[in-house]
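Student: I am new to this structure and should be grateful for a close look at one part of it. Would you please choose a place to begin and show how its surroundings are built?

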Amino acid sequence: MPEFIVTPWEVRGKIDYDKLIRDFGVKQINRELLEKLREFSGDLHLFLRRNLFFAHRDLDKILNDYENGKEFFLYTGRGPSGHTHIGHLVPWIFTKWLQDVFNVDLYFQITDDEKYLVKRKNFDEIQGYVKDNLLDIIAVGFDPDKTYIIINTRHISYLYKIAVEIAKRITFSTAKAVFGFEDSSNIGIIFFPALQAAPCFLPCYLKGKKINCLIPAAIDQDPYWRGVAREIAIKLGMPKPAQIHSKFIPGLGKHGKMSSSEPETCIFTTDGEEDVKRKIWNAFTGGASTVKEQREKGGRPEICMVYQYLFYLFEEDDRKIEEIKQKCKNGEILCGECKEYLAKKVVRFLKEHQKRREKAKDKIEDYMIDKIKTAL
Ligand code: TRP
């Protein structure tokens with residue numbers, strides 16, 4: 001048994017991100033690249049400072065081209081298989097930051113087809129999640145004038161021609177090697193990678209010129225880019241799409257990424273104050289079993305979920321996070337204090353998000369790609 005698995009449909013185990021970098025052949029985001037990003041943005045986003053976005057392909061090239069006056073667009077997406085939790089928001093929040101910094105278009109794909117094909121869920125259930133997830137996506141605050149949401153089953157005419165061009169150039173044996181398809185896989189999911197690759201080139205088709213694409217996403221989506229989109233780009237004479245990859249936000253329990261299938265270890269965007277407090281109260285920490293022992297020996301922030309959440313998501317202040325770490329290690333603060341501190345921050349964040357989520361209800365159509373009337 002491998003120690004961990006990362007594929008577009010399964011993420012499991014304790015992930016060794018250095019090994020992933022080697023296995024997937026992506027590059028680490030180094031100091032030089034961070035400095036380059038800082039030149040454009042002034043401040044670096046927390047997710048970059050804390051190495052949550054940690055790897056890339058051709059991001060350096062995108063930035064050099066941009067400096068030389070060559071535009072790019074952003075592309076990301078969501079598979080609507082359940083309610084949104086805060087782990088899902090991470091790439092979206094970061095994508096919004098990129099949109100603001102570079103003032104660029106964003107194409108956002110909702111793969112309701114994919115989730116129908118791979119999950120044991122009926123079509124209506126998936127459509128329910130589409131509606132629900134859309135509110136969270138819009139609540140993140142993307143610029144409606146520069147954002148185009150594509151719901152695959154509804155807006156297929158924008159993608160189908162490109163997908164067919166892609167599909168013709170990928171053999172079943174390549175798809176099997178990249179995605180692990182088997183004879184028992186349904187034929188819908190075998191075609192699907194062509195649809196997820198299609199938006200990488202959509203603006204080129206719409207505008208009739210070559211435009212660079214940058215994809216912010218969690219690293220489990222890499223096979224689509226490595227195995228399909230970048231290979232096909234060469235054959236289609238299009239720019240190879242670039243990526244910026246994030247790690248996964250762990251669940252509040254001891255193991256694994258945050259997953260809707262374990263609701264008690266997962267903070268949903270619609271959770272109320274009591275839910276948040278209860279879930280955080282039950283989180284796995286690095287604390288000792290008694291107060292006395294913890295005061296003497298200290299806690300272990302490196303394995304503590306409460307600390308991880310503060311580090312990656314909720315404590316912006318570098319001095320403060322360092323202080324929390326030291327005080328925990330010295331036994332000066334106990335888990336209860338940290339849990340309360342985190343819960344307060346999460347509740348505050350969710351209240352704001354939920355207000356914007358409510359307002360999003362009237363704005364959905366402003367974001368849909370069919371505001372572009374050009375036929376392909
Ligand atoms: N397959 C992705 C998921 O299951 C959804 C998706 C489509 C996506 N296009 C994307 C994610 C581009 C990131 C970037 O969530």
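Tutor: In this predicted model, His 56 is buried, because its relative accessible area is 3% and the cut-off for that term is under 20%. This residue is found in strand E4, and its surroundings offer a way into the sheet. Leaving out residues up to four places away in sequence, His 56 touches Val 26, Lys 27, Gln 28, Ile 29 and Leu 33, together with Gln 243, Ile 244 and His 245. The side chain of His 56 also reaches the backbone nitrogen of Leu 59, at 3.1 Å.

Some of these contacts can be placed in the sheet. Strand E4, residues 53-57, pairs with strand E9, residues 242-246, in the antiparallel sense, and 4 bridges join the two. One of the bridge partnerships links Arg 57 to Gln 243 in E9. Helix H4, made of residues 59-67, packs on the sheet, where it touches E3, E4, E5, E8 and E9. The direction of H4 makes about 140 degrees with that of E8, which spans 212-218.

The whole sheet may now be considered. It is an open sheet of 7 strands in the order E3-E4-E9-E8-E5-E6-E7, with mixed pairing. Strands E3 (27-28) and E7 stand at the edges, and each has a single partner strand, so one side of each is left without a neighbour in the sheet.

Following that order towards E7 leads to strand E6, which spans residues 106-110 and is mostly covered, with 5 of its 5 residues buried. Strand E5, residues 72-78, runs parallel to E6 and is joined to it by 5 bridges. Within this pair, Leu 74 has Leu 106 of E6 as its bridge partner. From E5 the chain crosses through helix H5, residues 86-102, to E6, and this β-α-β crossover is right-handed. Both faces of E6 are covered: Leu 106, Phe 108 and Ile 110 are buried on one side, while Tyr 107 and Gln 109 are buried on the other. E6 also pairs with strand E7, residues 147-151, in the parallel sense over 5 bridges. Here Ile 110 has Ile 151 of E7 as its bridge partner.

The ligand deserves attention next. It has 14 residues around it, of which Tyr 75, Gly 79, Glu 114, Gln 196 and Gln 221 come nearest. A polar side-chain atom of Gln 196 lies 2.8 Å from a nitrogen atom of the ligand. The side chain of Gln 221 has an N or O atom that is 3.0 Å from a ligand nitrogen atom. Lys 115 places a polar side-chain atom 3.1 Å from an oxygen atom of the ligand.

Two further residues, Ile 162 and Lys 327, complete the picture. Ile 162 is found in helix H8, residues 160-168, and at 0% relative accessibility this residue counts as buried. Its C-alpha atom is separated by 18 Å from that of Arg 226, and the two residues are 64 residues apart along the chain. Lys 327 lies in helix H16, residues 318-329, and is partly exposed, with a relative accessible area of 29%. Apart from neighbours within four places in sequence, Lys 327 is in contact with Glu 332 and Ile 333. Lys 327 and Arg 120 are 207 residues apart in sequence, and their C-alpha atoms are 46 Å apart in space.

Notes: Residues are numbered from 1 along each chain as its sequence is written. This is a predicted model: local features need pLDDT of at least 70, side-chain atom pairs count only at pLDDT 80 or more; totals for chains, interfaces and linings use all residues. Side-chain values use heavy atoms; hydrogens and water are left out. Buried means under 20% relative accessible area, exposed over 50%, partly exposed in between (1.4 Å probe, protein chains only). Two strands pair if DSSP finds at least two bridges between them. A crossover is right-handed if, with the strands pointing away from the viewer, the path from the first strand over the helix to the second runs clockwise. Contact means heavy atoms within 4.5 Å. Axes are lines fitted to C-alpha atoms, for helices over the stretch in contact, and angles run from 0 to 180 degrees between N-to-C directions. A residue is near a molecule or strand if one of its heavy atoms lies within 4 Å of it. A polar contact is a pair of N or O atoms within 3.5 Å; within protein, one must be able to donate a hydrogen and the other to accept it, and residues adjacent in sequence count only if both atoms are side-chain atoms.
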